[in-house]
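Student: I'd like to walk through this model with you, strands and pockets included. Can we start with the strands?

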Amino acid sequence: MIKHLSTESQENLLYLYNRIWKEHYFPTFWQQATIIPLLKPGKDPTNPSNYRPIALTCCLCKLLEKMINCRLVYYLETNNFIHPSQSGFRRGRSTVDNLLPLETGIRLAFLERKHFVAVFFDIEKAYDKTWRYGILKDMYDIGLRGNLPNFIQNFLRLRKFRVKVESELSDFFIQEEGVPQGSVLSVALFMLKINNILKQLPTSVKSFLYVDDLYISCTGMHMNFIQRQLQIAINSITQWSNANGFTISTSKTTAVHFCRKRNLHFDPELKLNGEMIPFQTEIRFLGVIFDKKLSFLPHVIQLRKKCEKSLNILKVLSTTAWGADKTSLLKIYKATTLSKLDYGCVIYGSARKSVLQKLDPVHHAALRLISGAFRTSPVKSLYVDCFEPSLKLRRQLLSLNYYFRIQSNVNHPFYDFVLF
């Protein structure tokens, strides 16, 4: 509706935005949000913490937030205030930018016959506990003055929300801390506040951050060195978190010791808030499962199970009597199944050939359903008929696209590394 406003209405809306911007006034109605709770899959519905809150706010406010967010992000990017290892919600960056250094670091440690230990942190209710005064202080420290900080201050002040279940509405509650859920500006403000956590670590410890998903890693020949460096980094992160209002979850923070050495060696003893950090044989990070041997076999097995469930949609819609046509089936396959196979293939594509071949039957079964081919039809004919490459060629193509995307961004942390 806003896009199709007349020119006169758009000018009036722009006049309203300019008055709000210059007069430092923020409409009270824009500070209110309606929360729609959605139950997380497989969780107990009687536990309120198992619901994901979806916040509905005013669309006119979101439009103004988007305009201001463009200015704020442009200022942060052009002045290099955002740490290069932060990949969340940045133009030209993605989750793969955080998965790549983890996979590369493990591979290099294997080649050099070293130990590689990574600690994966979980920040409790990161958005809800963001320190508002700390956001304004960080904006002041980077040189922001005038209307922008005043707008952010009014934007964060006196936030209210109410919960809606079916047709029932609760009373309004005041959100005293944190950035608003469902806001366009919230991500940029949260990134600005948590950005300094990456500057607290020793040079021997590498760290990467995707919004609030943080992991640190250390490589070395001797476990005592790794344990000492990681413990220093953990203590620094804990101290910074306590000073800035964040809480690191002790129960959800885990570590993995990646190693292919056959001789007897122990995992390092790392403590967080006085409790030992548990070590696991595999970890799910940003949608990709990393096992301690980096075979990616657990990830491929789970991925195949997900894709086989998605193929049920094609099986239902490919009925010869009333089913969809070939073009529609191909689009559905790309949206529901092939997108899952593509995600992270730049990373798990380094697995053994025998492991990657476990995904080929899913691709071939889908192409047979789309084209209506017999089971005895050659696989190559399916590729030609559906005009789709094999998964191996597709992984190579996506890897090349990702390589050139890195080369087009001089500020990418792997720009110089990929050149060699």
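**Strands and pockets**

Tutor: Sure. Four bridges join E1 to E4, and the two strands run parallel. Keep in mind that this is a predicted model.

Student: In E4, which residue is the bridge partner of Ile35?

Tutor: Start from the pairing of E1 with E4, which is parallel. Strand E1 covers 32-39 and strand E4 covers 159-165. Within E4, the partner of Ile35 is Val163.

Student: How many bridges join E4 to E6?

Tutor: E6 is made of residues 173-175, and it runs antiparallel to E4. One facing pair is Phe161 with Phe173 of E6. The number of bridges joining E4 to E6 is three.

Student: And E5: which residue there stands opposite Val165?

Tutor: E5 spans residues 168-169 and is antiparallel to E4, with two bridges joining them. Opposite Val165, in E5, stands Glu168.

Student: Which residue in the turn between E4 and E5 has a positive phi?

Tutor: E4 and E5 form a hairpin, with two residues between them. The phi in question is about 55°, and it belongs to Glu166.

Student: Now the pockets. Which elements give two or more residues to the lining of the largest pocket?

Tutor: That pocket holds about 1,400 Å³ of space. Its lining has 36 residues, and those nearest the centre are Tyr51, Pro53, Lys125, Asp128 and Gln181. The elements giving two or more lining residues are strands E1 (32-39), E2 (51-56) and E4 (159-165), plus helix H6 (184-194).

Student: How many of the residues lining the largest pocket are charged?

Tutor: Take the lining by class: 14 residues are nonpolar and nine are polar. For the charged class, the count is 13.

Student: What about the second largest pocket: which element gives the largest share of its lining?

Tutor: This pocket has a volume of about 600 Å³. It is lined by 19 residues, and Val73, Glu77, Phe89, Arg90 and Arg91 are the closest to its centre. Two elements, helix H2 (59-78) and H6, each give two or more lining residues. The largest share, six residues, comes from H2.

Student: Last one: how many residues in the lining of the second largest pocket are nonpolar?

Tutor: Go through the classes again, this time for the second largest pocket: five of its lining residues are polar and four are charged. The nonpolar count is 10.

Terms used
Residues numbered from 1 in each chain as written. Predicted model: local features only at pLDDT ≥ 70, side-chain atom pairs only at ≥ 80, totals over all residues. Heavy atoms only, no water. 1 Å grid on protein atoms, 1.4 Å probe; cavity = no way out; pocket = protein on both sides within 12 Å on 5 of 7 lines; lining within 4 Å. Points joined across faces, edges and corners; volume = space filled by probe spheres on them. Nonpolar A, V, L, I, M, F, W, Y, C, P; charged D, E, K, R; others polar. Pairing = 2+ DSSP bridges.
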